[in-house]
2 protein chains.
Amino acid sequence: MLNAAGREIPKEIAGRRLKPFKGAFATRPKKRLYGPPMKSFYPGDNKLLESVKEAIKKTELTDGMTISFHHHLRNGDAIVNMIVDEIAKQGIKDIKLAATALFPVHEKLLEHIKNGVITRIEGSLNGPLGEYVTYNGLEEPVILRSHGGRARAVRAGELHIDVAFIGASMADDYGNANGMFGKSAFGAMGFAYADSMHADKVVIVTDNLQPYPVTPISISSTLVDYVLPVESIGDPSGIQTGTMRITRSPARLNIAKNVVKFLAKAKILKDGFSFQAGAGGTSLAVTKFLHEYMKKNGIVGDFVMGGVTGYVVDMLEQGTTKKILDGQDFDLRAVESIGRNPNHVEVSHIEFGDPHSGGCVVHRQTACFLGATEFDLNFNVNVNTHSDGLLLHGIGGHQDAAAGSFVTIVVAPLLRGRIPVIRKEVTTISTPGETVDVIVTDKGIAINPRREDLIEAIKGKMEIVDIEELYKKAKSLVGEPKQPDFEDDIVAIVEYRDGTTLDVVRRLKK
Amino acid sequence: MLNAAGREIPKEIAGRRLKPFKGAFATRPKKRLYGPPMKSFYPGDNKLLESVKEAIKKTELTDGMTISFHHHLRNGDAIVNMIVDEIAKQGIKDIKLAATALFPVHEKLLEHIKNGVITRIEGSLNGPLGEYVTYNGLEEPVILRSHGGRARAVRAGELHIDVAFIGASMADDYGNANGMFGKSAFGAMGFAYADSMHADKVVIVTDNLQPYPVTPISISSTLVDYVLPVESIGDPSGIQTGTMRITRSPARLNIAKNVVKFLAKAKILKDGFSFQAGAGGTSLAVTKFLHEYMKKNGIVGDFVMGGVTGYVVDMLEQGTTKKILDGQDFDLRAVESIGRNPNHVEVSHIEFGDPHSGGCVVHRQTACFLGATEFDLNFNVNVNTHSDGLLLHGIGGHQDAAAGSFVTIVVAPLLRGRIPVIRKEVTTISTPGETVDVIVTDKGIAINPRREDLIEAIKGKMEIVDIEELYKKAKSLVGEPKQPDFEDDIVAIVEYRDGTTLDVVRRLKK
């Protein structure tokens with residue numbers, strides 16, 4: 001089957017029937033929300049667990065089940081390894097791991113993949129696990145989803161979770177929990193909401209047990225089966241991973257300046273402006289420059305949707321935005337702010353970007369600034385694989401923000417060393433070109449021809465280049481990179497946020 | 001069938017199979033949560049409705065459907081009448097009305113009951129509608145549920161809601177809504193949560209449309225289909241109905257003092273104490289005296305579960321409780337507090353009292369203070385009907401608080417005029433005696449023999465009387481009241497909070 005993004009999609013794979021991508025908003029949901037079993041917790045019942053071992057036993061975790069985790073502690077997370085180690089120790093096999101994302105800190109899971117404890121993964125792969133999957137595959141293709149798409153899949157019962165292990169930096173013995181306070185505070189807990197509402201069983205894992213009732217109540221006791229106190233849920237300094245420093249490259253700073261210039265000249269940057277902040281070095285620079293421009297010109301935005309950083313907190317505190325809607329925090333200033341400022345509001349990733357909800361934040365954003373490992377002549381963007389074919393990143397909120405925002409701006413250099421970022425066709429489509437409006441590079445700005453309104457708005461105010469020109473320029477400088485040597489078998493599926501299949505990733509020859 | 005409370009329950013009525021009450025915690029849930037249809041709201045879609053007429057049309061409301069409302073505006077509510085009038089105007093018939101509670105302000109619904117627009121009611125009846133039902137019945141018996149029991153029934157799909165109309169004093173055009181701000185602010189919105197999560201369609205009705213995104217987000221846009229702006233959702237001064245003034249009766253003030261004395265002498269009143277505040281005149285006095293006692297003795301409680309009044313706000317502000325958990329507000333000081341104080345926390349009625357959730361607040365309370373129209377020798381309590389058989393009140397949180405609290409205290413005078421409050425058997429069992437521990441009257445305190453621990457704790461410190469003694473005293477003063485002249489047919493079912501049938505109300509002869 002050829003899908004609407006022009007990719008060849010098999011009808012079925014590993015028993016899973018694939019629906020081809022039909023267009024960003026072509027599919028309306030026909031399902032009902034998945035209803036997990038009702039719980040009961042009566043006086044005399046006890047939720048407190050004594051050990052990870054007891055958690056596995058009480059939740060009746062067994063071969064073939066699916067377990068989930070959020071990734072709010074990112075590369076500082078200690079929970080996934082802790083739980084999977086114990087599962088392995090108890091001889092349980094064939095587990096589907098549905099962590100929202102996995103990081104280099106989870107590299108040790110490779111031993112559990114090799115020994116058959118983990119046979120399937122649905123979730124974002126960052127780093128070594130992705131590399132392993134690219135060369136080896138698992139028993140079934142990894143399912144890659146956007147943040148909003150994952151929330152949708154959980155709510156629709158397409159990603160059925162037997163046991164959700166939810167890390168909390170503060171919880172009571174009844175399971176009321178948040179991520180805002182405690183030694184391991186990580187801020188908003190957006191990823192945990194869908195899992196807490198739809199997993200068959202829910203375990204709160206905390207290193208900070210406090211007297212009942214813990215508030216704010218991000219996750220309610222009404223959704224929780226067990227509470228597992230542990231020594232440490234992780235190292236919150238691991239939240240701030242490498243990508244989260246503002247760029248120092250003059251070329252990328254120039255890209256960021258041009259984004260702000262574009263928005264201003266096209267008269268998009270005005271009172272009421274809202275945007276989604278990324279965490280890449282260039283996106284951070286955009287946030288900083290936006291703030292400076294808005295402050296200087298007395299512009300007040302309605303909201304910023306996070307991933308939140310200190311740069312966004314500056315905007316709230318200095319009055320260039322009225323509110324922050326926050327699904328996850330990318331640095332400790334953001335964590336500190338959400339626990340204190342009533343206009344810094346936690347939202348779930350259902351609210352962030354689930355297309356099959358009553359309406360998500362990204363559908364209301366003015367703009368978003370997104371990165372790319374590659375983009376192509378059709379404005380398709382790749383954030384999952386590199387040009388060498390290695391699967392090294394998750395989709396994140398990329399698809400969601402691109403689909404929803406009034407203007408989606410991709411910021412990328414034309415080249416990374418000797419590798420062109422612009423391609424005739426991207427290696428993997430993570431986000432379809434129909435949802436990408438503007439690409440700002442260090443060698444020029446291209447506008448998607450679908451957006452005649454934007455082309456008209458900027459005409460005569462700023463130089464715009466044809467995307468073909470950018471392609472020719474890159475090609476003249478470094479040529480086309482070698483095509484990766486792929487096998488036929490599929491190691492990962494790139495699901496679109498509505499549950500259709502956007503692309504597949506094939507196994508790389510060793 | 002004879003149920004565990006000793007009442008004769010039919011096996012089936014109006015096509016509804018009844019499960020007999022088996023004991024307060026004898027039943028564990030076996031169902032799954034009801035999953036409503038998934039929604040979608042894409043850029044370009046519009047939620048804003050122009051009129052009530054359009055709301056009926058767009059939600060495809062038709063004969064036989066069930067509509068729901070919350071009662072946070074109590075006797076000031078304008079929404080139920082507004083919607084039902086329009087439904088009637090459009091010729092729609094056979095509607096099941098699932099308002100959480102109806103008040104005297106809804107008396108005009110009688111015309112719609114008589115003309116067949118409303119044929120069934122599931123919800124609390126306060127005043128004239130209850131009186132009508134007692135004499136006439138509807139096509140099916142009215143289902144009376146506790147607050148927690150109603151949330152459970154909605155979540156279980158036993159009370160299936162086609163369209164929920166949710167009044168909000170502040171909302172945006174996307175449906176993010178709260179009750180905390182605006183000219184019609186009513187505070188916590190606890191009743192609306194279950195409906196917003198499980199109704200097939202959700203309409204936010206507001207008289208205060210504000211720019212997106214409205215926060216705090218009590219009801220999220222993700223759950224909302226339509227937003228209906230209206231001139232007025234009601235009169236918030238109607239929140240403060242008659243029962244919500246502190247008693248001036250010396251006898252009742254004495255009851256309140258004895259409650260505090262009992263808790264202190266039995267060493268229950270200490271740091272960490274928590275309780276549920278009622279809104280009856282005597283309960284209010286208990287709150288006031290508790291606060292004074294705790295303040296004087298340096299006792300700090302963990303939380304108060306509301307219905308919240310200004311008396312509870314005093315406790316928070318003067319440090320005799322650390323937190324308020326708030327499902328509904330009973331006066332405007334409480335409304336003002338919840339919008340401002342981060343330790344005054346909104347909770348849903350799932351969190352308040354749903355027994356088939358992962359754990360509700362009432363299961364964690366130290367104490368609750370509840371009223372009674374009647375109580376009997378088995379400690380059963382009636383709050384629904386009067387001794388003349390008239391159905392005039394809902395169950396409220398009575399069953400939930402009684403079942404959950406460590407010590408459940410019923411406060412009641414022995415007589416109301418010439419009517420004894422103590423009966424051999426209550427006319428209607430609203431709350432089973434096994435969950436009622438202490439009854440404090442103006443003529444003595446009785447302790448349920450099941451609570452040997454309490455009897456032991458108070459021994460020699462305070463005079464306790466046998467409940468038989470209280471009964472004899474009342475009888476000697478006013479005799480037994482005449483038994484109401486009931487027909488055989490059943491006009492209402494008193495459901496226990498777990499979905500079993502606790503009692504039935506029979507039709508009264510005209």
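Two strands count as paired if DSSP finds at least two bridges between them; keep that in mind for the first view of this predicted model.

**View 1. Strands E27 and E28 of chain B, bridge by bridge.** Here we're looking at strand E27 (residues 486-495) of chain B, which is joined to E28(B) by six bridges, with the two strands running antiparallel. To pick out one of these links, start at Val494(B): its bridge partner in E28(B) is Asp503(B).

**View 2. The whole three-stranded sheet of chain B, with a helix on it.** Zoom out a little and you get an open sheet in the order E8-E27-E28 (chain B), with mixed pairing. Strand E8 (142-144) and strand E28 (501-508) of chain B are the edge strands, each pairing on one side only. On average, neighbouring strands here are turned by 40 degrees against each other, direction ignored. Helix H4 (residues 128-136) of chain B packs on the sheet and touches E8, E27 and E28 of chain B. The direction of helix H4 makes about 75 degrees with that of E28(B).

**View 3. Two domains of chain A.** The domain assignment splits out domain 1 (47-122 + 159-239) and domain 2 (242-484) of chain A. Their centres, taken over C-alpha atoms, are 31 Å apart. Where they meet, 16 residues of domain 1 of chain A are in contact with 18 residues of domain 2 of chain A.

**View 4. The largest nonpolar core, around Ile166(A).** This core has 167 residues, and the members touching the most others are Ile166(A), Ile204(A) and Val259(A). Both domain 1 and domain 2 of chain A give residues to this core, so it lies between them. In soluble globular proteins, nonpolar side chains tend to be buried together. Leaving out residues up to four places away in sequence, the contacts of Ile166(A) include His70(A), Ala177(A), Ala192(A), Val203(A), Ile204(A) and Ile219(A). Asp195(A) and Ser196(A) are also among the residues that Ile166(A) touches. Another core, of 165 residues, lies apart from this one; Met82(B), Phe186(B), Ile409(B) and Val438(B) are among its members.

**View 5. How chains A and B are related.** Rotate chain B by 180 degrees, with 0.0 Å of shift along the axis, and it superposes on chain A with an RMSD of 0.0 Å. The two copies are thus related as by a two-fold rotation axis. If you want a landmark, take Gly35(B): of the residues of chain B, its C-alpha comes closest to the rotation axis, at 2.6 Å. As for the interface, 100% of the interface residues of chain B are also interface residues in chain A, so the copies meet through the same surface.

Key. Residues are numbered from 1 along each chain as its sequence is written. Chains are lettered from A and ligands numbered from 1 in the order in which they are written. This is a predicted model: local features need pLDDT of at least 70, side-chain atom pairs count only at pLDDT 80 or more; totals for chains, interfaces and linings use all residues. A nonpolar core is a set of buried Ala, Val, Leu, Ile, Met, Phe, Trp, Tyr and Cys residues joined through C-beta atoms within 7 Å. A residue is buried if 20 or more other C-beta atoms lie within 10 Å of its own, exposed if 12 or fewer, and partly exposed in between; C-beta atoms are placed from the backbone. Domain bounds come from an automatic or database domain assignment. Two residues are in contact if their C-beta atoms, placed from the backbone, lie within 7 Å. Helices (H or I, at least four residues) and strands (E, at least two) are DSSP runs, numbered from the N terminus. Axes are lines fitted to C-alpha atoms, for helices over the stretch in contact, and angles run from 0 to 180 degrees between N-to-C directions. Copies are superposed by least squares on the C-alpha atoms of residues with pLDDT of at least 70 in both.
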